[in-house]
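Good morning, colleagues. I should like to take you through one model, beginning with a pair of charged side chains and then turning to the sheet.

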Amino acid sequence: MDPPRLLAGAALCLLLSACSGGREAAVPPPTPPPKPAPVTRTVQGFRIQILTTPEKAAADRQAAQAESWWSTLPPGERSPYLGQRALVVDVAWKQPYYRVRLGAFASRAEARQALATVKRRFPGAFLVPALVTLTR
């Protein structure tokens, strides 16, 4: 390569370097892919029933006790199938009784694992088939 071209190339490099402040142009970091939107579906699943009573007040008290129990339970003792935040508590009326039920499970296997945790506080708890709405 002849000296004038070499000198012109070097001058161009110096000029480009001076214009960018001596550093390379900043390349923005890649954006992470968007999180998929939650999917909500209603399926025939299971709940854990902890009380059957003809009295609405008794059902409401038991529901409050279940929520209180869950909020004071250390996270390490919580069943992952019941969630780590608020406990799903459902008070349902079907003549002639109110039923207090916990959780919403797509499968019997998930419900059984959660039942083991619930039985420590509510020994008479048992699984019931139910129409449940799940968000995943």
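How many residues apart in helix 2 are Lys56 and Asp60? They are 4 residues apart in helix 2 (residues 56–72), and are therefore separated by about one helical turn. Helices (H or I, at least four residues) and strands (E, at least two) are DSSP runs, numbered from the N terminus.

Please note that this is a predicted model: local features need pLDDT of at least 70, side-chain atom pairs count only at pLDDT 80 or more, and totals for chains, interfaces and linings use all residues. Residues are numbered from 1 along each chain as its sequence is written, and side-chain values use heavy atoms, with hydrogens and water left out.

Lys56 and Asp60 form a salt bridge, with 3.0 Å between the closest N and O atoms. The term requires a side-chain nitrogen of Lys or Arg within 4 Å of a carboxyl oxygen of Asp or Glu, and by this rule the count is 1 salt bridge.

I turn now to the sheet. It is open, with 4 strands in the order 2-3-1-4 and antiparallel pairing; two strands pair if DSSP finds at least two bridges between them. Strand 2 (89–94) and strand 4 (126–135) stand at the edges with a single partner strand each, so one side of each lacks a neighbour in the sheet. Strand 1 (residues 40–53) is joined to strand 4 by 10 bridges, and the two run antiparallel. Within strand 4, Pro129 is the bridge partner of Phe46.
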